[in-house]
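Subject: The structure you asked about

Hi,

Here is the structure for you to open and turn around on your screen. Have a look first, then read on for what turned up in it.

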Amino acid sequence: MPRITAPTVAEHRAAQQRALLDAAKTLLAKTGEAPSMAEVAALAGLARPSAYQYYKSRTDLLNALVLDVFPRWARRVEDAMAAEELPADRILAYVMTNITLVAEGEHAVGSALAAVAPGEELDTQSNRMHQALLDPLVGALTEMGSADPASTAELINAIVHSGTRLLESGKTLQDVHELVRELLGPFVREHGGKSRAGAR
C-alpha cells in the first residue's frame, strides 16, 4: 500500500488523483495524444502500478479528465461574469476569459480530448459546458434588451473563435485582448458598461 502523505486516506487519494489528472493534462496539451498510464504515473511521481489504484485504465483516466477540464472552464467564465455588475461588462468578461483560457492551454487540452477521449462522456460534458457558458451570456444579453439574445450570443462566440485563431497564429494574449477591447469597447459603452472588464 502506498505511503499516506495526507492527514486522511481520503485526502491522500484526492491528492494523488489530482496529481495524475494534472500530469495527464500536461502531457495531452504537449503532444495532443492520449498518454500512457506509465507516462502519466512517471510525471506524477508515482509507480505505474500505483496509478491503477486510482484509475482502472487509460480510458477511465481520460473520462475523469473530461469531467475535470470542462466544468472548470465553465466555472472560470461564470465567475468572471458574476464579478461584473453590468450586463455589458459581463459580456466583455465572457470573451476575455474564454480567450485567456485558450492562451493558458485549456483549449489545446479540450481539442486533444475531443480527438482521443471516449465519445459519449466527451459529448455529454461538452454539451453541458456549452450550455453552462451560454446561459449566463444569453441572460446578460436579455437583460441588456437584445432582440435576439441567442443569435447575438453566437456572434459573440465567433469573436472568441477568432481570438483563438489569432493566438494560434502567434499573437500574444495582450494583443488579442487589446483587439477585443477595440472591437467590443463601443458596444459595451453604448450599453452602459465601462469596457474595462477582463479575465479573472
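Helix 8 passes helix 9 in a right-handed crossing. Helix 9 is made of residues 173–190, and its axis lies 10 Å from that of helix 8, at an angle of about 150 degrees. Angles over 145 degrees count as roughly antiparallel, so helix 8 and helix 9 are roughly antiparallel to each other. One thing to keep in mind as you look: this is a predicted model.

In case the numbers feel new, two packed helices are described by the angle between their axes and the distance between the axes. Now try the same helix 8 with another partner, helix 5. Here the angle is about 30 degrees and the axes are 9 Å apart. That makes helix 5 roughly parallel to helix 8, because angles under 35 degrees count that way. Helix 5 also passes helix 8 in a right-handed crossing.

Next, go to the start of the chain. How are helix 1 and helix 2 placed: roughly parallel or roughly perpendicular to each other? Helix 1 covers residues 9–31 and helix 2 covers residues 37–44, and they pack at an angle of about 115 degrees with their axes 8 Å apart. The range for roughly perpendicular is 65 to 115 degrees, so helix 1 and helix 2 are roughly perpendicular to each other. Their crossing is right-handed.

Stepping back to the whole protein, you'll find nine helices and zero strands. From the N terminus on, the order is simply α-α-α-α-α-α-α-α-α. The C-alpha atoms fill a box of roughly 60 × 35 × 30 Å along the principal axes.

UniProt has a couple of annotations here, both from an unreviewed entry. Residues 14–73 are listed there as "domain: HTH tetR-type". That span is 77% helix and 0% strand, and its end C-alpha atoms lie 20 Å apart. The UniProt annotation "DNA-binding region" covers residues 36–55. Over residues 36–55 the chain is 60% helix and 0% strand, with 12 Å between the end C-alpha atoms.

Last stop: the pocket. Rolling a probe the size of a water molecule over the atoms shows where empty space is left. The largest pocket holds about 440 Å³ of space. Its lining has 18 residues, and those nearest the centre are Trp73, His107, Met129, Leu133 and His161. By class, the lining is made up of eight nonpolar, nine polar and one charged residues.

Which helix gives the most to that lining? Helix 7 does, with five residues. At least two residues each come from helix 4 (58–82), helix 5 (87–103), helix 6 (106–116), helix 7 (119–144) and helix 8 (149–168). So when you colour the pocket, you'll meet helix 5 and helix 8 again, the pair that packs at about 30 degrees.

Have fun exploring!

Technical notes:
Residues are numbered from 1 along each chain as its sequence is written. This is a predicted model: local features need pLDDT of at least 70, side-chain atom pairs count only at pLDDT 80 or more; totals for chains, interfaces and linings use all residues. Side-chain values use heavy atoms; hydrogens and water are left out. On a 1 Å grid over the protein atoms alone, a cavity is a set of points where a 1.4 Å probe fits but cannot get out, and a pocket is an open set with protein on both sides within 12 Å along at least five of seven lines; lining residues have an atom within 4 Å of a point. Grid points are joined across faces, edges and corners, and a volume is the space filled by probe spheres set on the points. Helices (H or I, at least four residues) and strands (E, at least two) are DSSP runs, numbered from the N terminus. Ala, Val, Leu, Ile, Met, Phe, Trp, Tyr, Cys and Pro count as nonpolar, Asp, Glu, Lys and Arg as charged, and the others, Gly among them, as polar. UniProt positions are given in the numbering used here, feature names are shortened, and annotations may be inferred rather than shown by experiment. Axes are lines fitted to C-alpha atoms, for helices over the stretch in contact, and angles run from 0 to 180 degrees between N-to-C directions. A crossing is left-handed if the near helix is turned anticlockwise from the far one by less than a right angle, and right-handed if clockwise.
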